[in-house]
Amino acid sequence: MAKNYNTGRKVASGVIFVVLLILGIIWILPLIWIILTSFSAEPGQAFTFVPKEFSLNNYKNLLFDAQQFKFVRWFLNTLIVAVCSCLGSTLMVLMVSFALSRLRFKARKPLMNVALILGMFPGFMSMIAIYYILKAFTLTENPLVCLTIIYIAGAGMNYYIAKGFFDTIPKSLDEAAYLDGATKSQVFFKVTIPLSKPIIVYTILTSFMAPWGDYVLPSMICADKYDTYTVATGMYKMITKEFIGQYYAQFAAAAVLVSIPISLLFIKMQKYYVEGVTGGAVKG
């Protein structure tokens with residue numbers, strides 16, 4: 001009986017291993033193809049997995065030739081928006097989450113329910129209204145400022161994970177600080193924040209990733225202002241019908257360069273990212 005049980009477990013483990021291996025290969029093949037294509041000497045769309053000839057010209061043209069595509073400018077635009085949005089959004093999310101976790105007021109649950117319901121709708125449904133509001137305040141002349149404001153303004157609705165994490169911190173620590181004469185802001189900055197490194201890292205990563213890879217909102221806000229494009233908007237231009245035959249390999253090189261900051265952040269902060277997600281999922 002025990003022998004049959006052990007055999008069954010080995011067979012099940014083998015099947016799971018094979019399935020995961022196949023899924024892993026399916027997941028990683030497109031990444032390898034993009035990387036190999038970025039070194040292709042042929043500028044157009046490549047249908048071969050391994051290029052016939054390798055070259056660094058795609059990276060050189062992206063970084064040093066701005067006649068057709070201003071990739072460096074777009075990269076800096078995206079970096080500025082992502083960093084500013086990340087700082088503002090992180091502070092916004094943490095403050096909203098702390099207030100909903102620790103404070104008790106009449107509108108607390110209705111606000112949480114409204115935020116939950118609104119979060120179920122796709123963000124692009126409100127894009128037209130947001131655009132005309134910004135236009136009324138004459139902010140559309142500077143698309144990068146517009147994008148930063150939009151990302152920060154809507155960040156507070158993503159309080160769910162951070163609130164769950166704050167719920168796990170004992171309230172007795174807050175009470176002890178209040179007895180010592182601390183204010184609510186002092187409790188937040190000097191007691192709660194030092195104990196919340198995992199959720200802070202998680203919030204920073206998610207707040208940085210949103211503007212870094214967003215295409216829909218920048219495509220509307222930036223419109224035809226070529227110098228204010230983000231990398232997502234600019235890279236889409238490379239694969240339009242007009243340019244794909246000549247710039248597909250450069251698009252692949254741009255995809256590799258754009259993925260580097262996010263990859264480095266995840267590699268450096270993966271431990272805290274996992275702790276933030278699991279810690280915030282303990283309580284709602």
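**Figure 1. Surroundings of Thr37 in helix α1 of the predicted model.** Thr37 is buried in this predicted model, its relative accessible area being 2%, and its place is in helix α1, the element that runs over residues 2-38. A polar atom of the Thr37 side chain lies 2.7 Å from the backbone oxygen of Trp33, a separation that falls within the 3.5 Å limit set for a polar contact.

**Figure 2. The chain as a whole, given as context for the close-up views.** Read along the sequence, the chain follows the pattern α-α-α-α-α-α-α-α-α-α-α-α-α, with 13 helices and 0 strands. Its C-alpha trace spans about 75 × 70 × 30 Å along the principal axes, and the radius of gyration is 24 Å, whereas a compact globule of 284 residues would have a value near 19 Å. Of the 284 residues in the chain, 36% are buried, and the area that the chain exposes comes to about 17,100 Å², of which carbon and sulfur atoms supply 70%. When contacts between residues at least 6 apart in sequence are considered, 74% of them join residues at least 24 apart.

**Figure 3. Helix α10, its length and its buried residues.** Helix α10 comprises the 17 residues 197-213, and at 1.5 Å a residue these should span 24 Å; the C-alpha atoms at the two ends of the helix are 25 Å apart, which agrees with that expectation. The buried residues of α10 include the aromatic side chains of Tyr202, Phe208 and Trp212, together with Ile199, Ile200, Val201 and Leu205. Pro198, Thr203, Ser207 and Pro211 are likewise buried in this helix.

**Figure 4. Val83 of helix α3 and its separation from Ser207.** The place of Val83 is in helix α3, which covers residues 71-102, and with a relative accessible area of 37% this valine is partly exposed. Although Val83 and Ser207 are 124 residues apart along the chain, their C-alpha atoms are separated by 8.8 Å. Ser207 itself belongs to α10, where it is among the buried residues.

**Figure 5. Cysteine residues without a disulfide.** A search of the whole structure finds 0 disulfides. The closest cysteine sulfur to that of Cys84 is in Cys86, and because the two sulfur atoms are 9.8 Å apart, they are too far from each other for a bond. Cys222 is also in no disulfide, the nearest cysteine sulfur, that of Cys146, being 9.0 Å away. For comparison with these separations, the cut-off for a disulfide is a pair of cysteine sulfur atoms within 2.5 Å. The surroundings of Cys84 and Cys222 may also be described by accessibility: Cys84 counts as partly exposed, at 38% relative accessibility, while Cys222 is buried, with a relative accessible area of 0%.

**Figure 6. Tyr132 in helix α5 and Thr138 in the loop that follows.** Tyr132 lies in helix α5, which is made up of residues 127-136, and counts as exposed at 52% relative accessibility. From Tyr132 to Leu100 the separation is 32 residues in sequence and 31 Å in space, taken from C-alpha to C-alpha. Thr138 is found in the loop between α5 and α6, the latter helix covering residues 143-153. Thr138 has a positive phi of about 55°, although this residue is not a glycine, and Thr138 is exposed, with a relative accessible area of 58%.

**Figure 7. Ala249 in helix α13 and its separation from Phe17.** Ala249 lies in helix α13, which extends over residues 244-280, and at 0% relative accessibility this alanine counts as buried. The C-alpha atoms of Ala249 and Phe17 are separated by 35 Å, the two residues being 232 residues apart along the chain. Phe17 falls within the residue range 2-38 of helix α1.

Definitions and conventions: Residues numbered from 1 in each chain as written. Predicted model: local features only at pLDDT ≥ 70, side-chain atom pairs only at ≥ 80, totals over all residues. Heavy atoms only, no water. Helix = DSSP H or I, 4+ residues; strand = E, 2+ residues; numbered from the N terminus. Expected span 1.5 Å × (residues − 1). Buried < 20%, exposed > 50% of the residue type's maximum accessible area, 1.4 Å probe, protein only. Polar contact = N/O pair within 3.5 Å; in protein donor to acceptor, adjacent residues only side chain to side chain. Rg over C-alpha atoms; globule rule 2.2 N^0.38 Å. Contact = heavy atoms within 4.5 Å. Areas by Shrake-Rupley, 256 points an atom, 1.4 Å probe, with all protein chains shown as cover.
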